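User: I'm new to reading protein models, and I'd like a close look at a single part. Could you walk me through one helix and how the rest of the chain sits around that part?

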Amino acid sequence: FFAKDPLRRKKLLKWGLILLFFFSNSFILDEFMRAWEVKVMTNDAKLEYYDVGIVLGGISSYDGKIDRVQINRSGDRLIQAIRLYRQRKIGKILFAGGSGSILHDNIKEGVLIKELMLNLGVPDSVIIIENDSKNTFENAVETKKILSDGKHGNKFLLITSASHMNRAMACFLKQELKVTPYVTDRN
């Protein structure tokens, strides 16, 4: 709109609309997301035992009006971790997630999710909470601090969304924490 040359303005507007249509089309976006996603493990029966399943946060929000945690689409991460624990594929569940909120940084997601897991029948002795991180990189840094002493074993399963796994694996690799990917909530 601010180009002085009318022909250039028309071309820029045309390309802007084409790009807007292209990237706002859910079919096209889903296809790009599928190409980015890490491939899913299709047979859990062949999944070996892991000492700790690391579940990355960003799966919930707190509704103060009704005093309740609300789980979003990424909540499949937690559901799959609990399922794997009950199938004896993981020994403990480490939930990594503090407050990613700018407005409510005092509300820690880990505390809310621990309470939810306890209400769902997961024993307290199985739950490990990392409450200080605000993003995926900090998830990896803080998780390494918890797991580096060897008290929780040395085989770790990283449980996160398919579209988030590449970034998560890179962050954990940077911290030299060897994890096996376990993909959830695919597009």
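Here is the part I have in mind: helix α4, residues 109-119. Which residues of α4 are buried, and what covers them?

Analyst: Happy to help; let's start with some ground rules. This is a predicted model, in which local features need pLDDT of at least 70 and side-chain atom pairs count only at pLDDT 80 or more, while totals for chains, interfaces and linings use all residues. Residues are numbered from 1 along each chain as its sequence is written, and side-chain values use heavy atoms, with hydrogens and water left out.

Now the setting. The chain has six helices and seven strands; helices (H or I, at least four residues) and strands (E, at least two) are DSSP runs, numbered from the N terminus. Along the sequence, they follow the pattern α-α-β-β-β-α-β-α-β-α-β-α-β. Of the 187 residues, 37% are buried, where buried means under 20% relative accessible area, exposed means over 50%, and partly exposed is in between (1.4 Å probe, protein chains only).

On to α4 itself. Its buried residues are Glu109, Gly110, Leu112, Ile113 and Met117. They lie on the same side of α4 because they cover an arc of only 160° around the axis, an arc taken from the directions from the helix axis to the C-beta atoms. The cover over these buried residues includes β2 (60-63), β3 (68-71), α3 (76-86), β4 (90-96) and β5 (127-130).

α4 also takes part in a salt bridge, which is a side-chain nitrogen of Lys or Arg within 4 Å of a carboxyl oxygen of Asp or Glu. Here the side chains of lysine 114 and aspartate 124 meet, at 3.0 Å from N to O. Lysine 114 sits in helix α4 and aspartate 124 in the loop between α4 and β5, ten residues apart. Are these two residues buried or partly exposed? Lysine 114 is partly exposed, with a relative accessible area of 27%, and aspartate 124 is partly exposed too, at 45%. This pair belongs to a count of four salt bridges.

Finally, look at what comes after the helix. α4 is followed by glycine 121, whose phi is positive, near 95°.

To put the pieces together: α4 has buried residues on one side, with strands and a helix among their cover, and its lysine 114 forms a salt bridge with aspartate 124.

Conventions. Contact means heavy atoms within 4.5 Å.
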